[in-house]
Amino acid sequence: MSSLQALCCGLPLRPLPENRGRWPGVPHAPVRTPGLSPAEEQLALRNALRYFPPDIQELLAPEFAQELRLYGHIYMYRFCPDMEMRAYPVEQYPCRTRAAAAIMHMVMNNLDPAVAQFPQELVTYGGNGQVFSNWAQFWLTMTYLAQMTEEQTLVMYSGHPLGLFPSSPGAPRLVISNGMVIPNYSSRMEYEKLFAMGVTMYGQMTAGSYCYIGPQGIVHGTVLTVLNAGRRYLGVQDLAGKVFVSSGLGGMSGAQAKAAVIVGCIGVVAEVDRAALMKRHEQGWLMEVTDSLDGCIERLREARRRKEVLSLGYHGNVVDLWERLVYELDTTGELLVDLGSDQTSCHNPFNGGYYPVQLGFAEAQSLMASDPAAFKCLVQESLRRHVSAINRLAKENFFFWDYGNAFLLEAQRAGADVGKAGADKTEFRYPSYVQHIMGDIFSQGFGPFRWVCTSGDPQDLAVTDQLATSVLEEAIADGVDPAVKLQYMDNIRWVREAAKHRLVVGSQARILYSDQKGRVAIAVAFNQAIARGEIKAPVVLSRDHHDVSGTDSPFRETSNIHDGSAFCADMAVQNFVGDAFRGATWVALHNGGGVGWGEVINGGFGLVLDGTLEAEQKAKMVLSWDVSNGVARRCWSGNRKAHETICRTMEEIRGLVVTLPHEVADERVLQQALRP
């Protein structure tokens, strides 16, 4: 049995740990099909063996080669630690710096089987969101963190710990890059090869930056999305008796069931993987489960009639569910659904992210590995059926949105009818939730701010919850814009009800949506509470990469930017760099995330609050930049709300100066100038 001390002493080589292979009873990643040539297979094996001394390479080579042939990747199962993987209290980590111990806490949380989607394959969420590429990288990273001083920085290349390099106490202790492939070679096909060879990695968003906090992170975003969808599309504040239908109960999508209960509606979520469905049921996030489509419809009708609050998991394919809803509409005239979306991992549709309706779960997994081309054809046919059913329902009083998972993008590529007349290439028949719901929130500077209490003590989390709500209440009392007040009120309610809804899975963490002013004030309050001893250990501040400034994604986060720059990634790259030199403890920059490889550039940070004045100053600098960067960019794209927000922010932040854009007052000026 390994220990935290042993994890920090380098790769266990003498003796080698027993090779126990894949663990039974644990969800595992689908078999990958990278299509390596013999020369590329040899290179993949060579790259894996370079972590080990020559005298044991002969033993390891055949088993690594077998992993490559069986699973399409070398995970090094032999070196999966034989210990309980979870976020231990920070003082238990054998480190020379508090920052390193906090990072270890975050890394191990991402690999906790209660948190991670495929823990033995080092996948946290999204089907392929890796923490590391293999277990050797995990062991080496933990060893480097244990050795690191305040004058060193650990550099990570797509899961590979390059080493500790001299730096300064004010520099980041950790700099991460994931998937930084030359643009002309950043295709899905090339990625599969490069990942199999162990030279790049898809870190999703917070998987590869060590900032995932379990499905709570997306629960809050889904709560806000469904609440605001009700306000916008249905014109109601109370969602009692309203039905929300979607798919997916995995690492991220599992949040949908809990969000439905919190907003007070009826949530029906389809999931093909029974293990994923039962995991959410056992965690208390999913109230009821059914294998019967007839039973599902009957229970939906009953809950709708009684205006029950319900989360119902349907073990089956969501296309069957959508087509049954169409059948009920066409035969009875009854529309049984009000709101709909999709949270399959459509960024990775041909490798386990989307399962075709024509096959059962096990049958689909088998075909995916044996005949990828045939599997792709079935997926695309299923997507066309999926969209056809939604289109029929949308002719009635039903509203659908894309949840930023590349569903509409992949449906379009499959030939589904998702086009919108006169639209640009980032728009479809149905809006992205950013375009219609979250975009205005980003323009006001609001986004998914989060923190982790590294003591692991629920009482510390309770203290931070109380401090955060007090800060927002004080801001409201001092007077804020009505739109800002509405956001603050939604978030105060969210935090107050968090304990009741049992949102913590893994580390003692919380998320809320806040603007720049709120984030800074909350951080200062936390830091001062640590200094007074009211919070027993450091607090890590972070956010989802899906935020105001963190992500350039033309089909999601920047889909409502219409000045032609939606496909440009300056904002995310500048954010990564700016956070680094303003005091972040660690920073990360990723290719891919959410919508998929080659479709997104995104970044994130971690900042350790330890009660010192230095930590407070760093928090003020990092958090102010981390929000105002994206607001200023949105202002320059012509967004009026962002224009108003940046004007207010310039009054509040000393040294912030942004030249404001001028509108073209008369469209005839353009027309006359461009006349042939």
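Which residue stands opposite Val175 in strand 5? In this predicted model, the residue in question is Val155, and a good way to place this pair is to start with the strands around it.

Strand 5 covers residues 174-178 and takes part in two parallel pairings. On one hand, strand 3, made up of residues 152-157, runs parallel to strand 5 and is joined to it by four bridges. On the other, five bridges link strand 5 to strand 16, residues 586-591, again in parallel. Here Asn178 is found opposite His590 of strand 16. The side chains of strand 5 follow an alternating pattern: Leu174, Ile176 and Asn178 are directed to one face and are buried, whereas Val175 and Ser177 are directed to the other and are not buried. Asn178 thus appears twice in this picture, as a buried side chain and as the residue facing His590.

Stepping back to the whole chain, the secondary structure amounts to 23 helices and 17 strands. The radius of gyration is 24 Å, which agrees with the value near 26 Å for a compact globule of 676 residues. Along the principal axes, the C-alpha atoms occupy a box of roughly 70 × 65 × 60 Å. Buried residues make up 62% of the 676 in the chain. Among contacts with a separation of 6 or more, 71% come from residues 24 or more positions apart.

As for the surface, about 25,300 Å² of the chain is exposed, with 53% of that area supplied by carbon and sulfur atoms. Charged side chains number 61 positive and 72 negative, and the centres of these two sets are 2 Å apart.

Note on methods:
Residues are numbered from 1 along each chain as its sequence is written. This is a predicted model: local features need pLDDT of at least 70, side-chain atom pairs count only at pLDDT 80 or more; totals for chains, interfaces and linings use all residues. Side-chain values use heavy atoms; hydrogens and water are left out. The radius of gyration is taken over C-alpha atoms; the globule rule is 2.2 Å times the number of residues to the power 0.38. Buried means under 20% relative accessible area, exposed over 50%, partly exposed in between (1.4 Å probe, protein chains only). Contact means heavy atoms within 4.5 Å. Accessible areas come from the Shrake-Rupley method with a 1.4 Å probe; for residues, only the protein chains shown count as cover. Lys and Arg count as positive and Asp and Glu as negative; His and the chain ends are not counted. The place of a charge is taken as NZ of Lys, CZ of Arg, CG of Asp or CD of Glu. Two strands pair if DSSP finds at least two bridges between them.
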